[in-house]
Amino acid sequence: MATLPNNGPYHSELNDVKATKELCGCGVYPLRTKFKGPAEQSDEGPLNGKDLLDEVLYFFKANMFFQQYTVRGAADRTLLYLTLYVHELLRICQGKAIDEAKRSLLEHKQRSFQHPGDKGFPLTGFLHKPKDSEEADEWKAYMKQCRDELQSRVLDLIYQHPTPEKHPDKYWSMFCKRKFLGKQL
């Protein structure tokens with residue numbers, strides 16, 4: 001996957017790959033997903049069968065320990081936003097049995113979410129404001145596609161070895177107490 005330069009956070013290898021499109025500074029890359037959206041659906045991701053969402057989950061635990069992040073490209077901006085989203089999913093699932101977590105996540109999925117340029121958006125310094133409402137809508141559609149797929153993958157990941165009470169894996173749950181870059185969605 002990516003390298004760890006100068007003991008800093010992990011960066012996406014997709015920074016070296018041309019994005020299909022850029023929305024608010026975030027790169028749009030093919031995804032291994034069953035959800036429809038602006039990203040091309042692919043059985044294999046652009047990184048030897050892996051996609052950006054695999055990178056988000058792979059680097060999540062390591063990147064959570066950093067308070068600063070130097071963006072190297074459009075893929076890093078997408079990685080930042082999605083890392084915050086995984087943190088939010090873990091907070092929602094904390095201490096809940098799998099069925100209760102699924103219900104909570106379904107409710108959460110139906111809520112609208114902020115986009116760059118909105119007041120209170122946590123990553124204003126990293127992502128650009130949309131040029132127009134069309135770009136804002138497309139960014140939201142892309143992130144909705146990513147968020148839906150990530151939600152599915154995170155549930156499978158944190159409940160793959162549930163406790164007898166069917167609670168999430170403690171080695172993932174412990175990250176709900178930390179804030180990534182001192183921010184949360």
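This report describes the salt bridges, the nonpolar core, helix α2 and several single residues of a predicted model.

**Salt bridges**

The number of salt bridges in the structure is six. Three of them are listed below, with the N to O distance of each.

| Side chains | Distance, N to O |
|---|---|
| Glu-138 and Lys-21 | 2.5 Å |
| Arg-153 and Asp-51 | 3.0 Å |
| Glu-149 and Arg-153 | 3.0 Å |

Glu-138 and Lys-21 form a salt bridge at 2.5 Å. This pair connects distant parts of the chain, since Glu-138 belongs to helix α4 (residues 133–158) and Lys-21 to strand β1 (residues 21–23), 117 residues apart. Glu-138 is partly exposed, its relative accessible area being 21%. Lys-21 is also partly exposed, at a relative accessible area of 38%.

The salt bridge of Arg-153 with Asp-51 has an N to O distance of 3.0 Å. It too links distant parts of the chain: Arg-153 is in helix α4, while Asp-51 is in the loop between β2 (26–28) and α1 (52–63), and the two are 102 residues apart. Both residues of this pair, Arg-153 and Asp-51, are buried.

Arg-153 also meets the side chain of Glu-149, at 3.0 Å from N to O. Glu-149 and Arg-153 both lie in helix α4, and because they are four residues apart there, about one helical turn separates them. Glu-149 counts as buried because its relative accessibility, 7%, falls under the 20% cut-off. Arg-153, at 12% relative accessibility, counts as buried too.

These contacts belong to a wider arrangement: a network of salt bridges links Arg-32, Asp-51, Asp-54, Glu-149 and Arg-153.

**Nonpolar core**

In soluble globular proteins, nonpolar side chains tend to be buried together. The largest nonpolar core of this model has 50 residues, and the members that touch the most others are Leu-82, Leu-90, Trp-139 and Tyr-142. Two or more residues of this core come from each of β2, α1, α2 (74–93), α3 (98–110) and α4. Helix α2 gives the largest share, 13 residues.

With neighbours within four places in sequence set aside, Trp-139 is in contact with ten residues that can be named in chain order: Leu-23, Cys-24, Cys-26, Tyr-81, Phe-113, Gln-114, His-115, Pro-116, Phe-121 and Leu-127. One of these, Tyr-81, lies in helix α2. Tyr-81 is buried, with a relative accessible area of 1%. Between the C-alpha atoms of Tyr-81 and Glu-138 there are 15 Å, although 57 residues separate the two along the chain.

**Helix α2**

Helix α2 is mostly covered, with 19 of its 20 residues buried. The end C-alpha atoms of α2 are 29 Å apart, which agrees with the 28 Å that its 20 residues should span at 1.5 Å a residue. Gly-95 follows α2 and has a positive phi, near 70 degrees.

**Cysteines**

Most residues other than glycine have a negative phi. Cys-24 has a positive phi, near 55 degrees, and is not a glycine. Cys-24 sits in the loop between β1 and β2, and at a relative accessible area of 1% it is buried. Cys-24 is also one of the residues in contact with Trp-139.

A disulfide is a covalent bond between the sulfur atoms of two cysteines. Searching the whole structure gives zero disulfides. For Cys-24, the closest cysteine sulfur is that of Cys-26, at 6.8 Å, and this is too far for a bond because a disulfide requires the sulfur atoms to be within 2.5 Å. Another cysteine, Cys-93, counts as buried at 1% relative accessibility.

**His-11**

His-11 is located in the segment before β1. With a relative accessibility of 5%, His-11 counts as buried. Its side chain has two polar partners to report. The side chain of His-11 makes a polar contact with the side chain of Asp-76 at 2.8 Å, and the side chain of His-11 also reaches the backbone oxygen of Thr-70, at 3.4 Å.

Key
Residues numbered from 1 in each chain as written. Predicted model: local features only at pLDDT ≥ 70, side-chain atom pairs only at ≥ 80, totals over all residues. Heavy atoms only, no water. Salt bridge = Lys/Arg side-chain N within 4 Å of Asp/Glu carboxyl O. Buried < 20%, exposed > 50% of the residue type's maximum accessible area, 1.4 Å probe, protein only. Core = buried A, V, L, I, M, F, W, Y, C linked by side-chain atoms within 4.5 Å. Contact = heavy atoms within 4.5 Å. Expected span 1.5 Å × (residues − 1). Polar contact = N/O pair within 3.5 Å; in protein donor to acceptor, adjacent residues only side chain to side chain.
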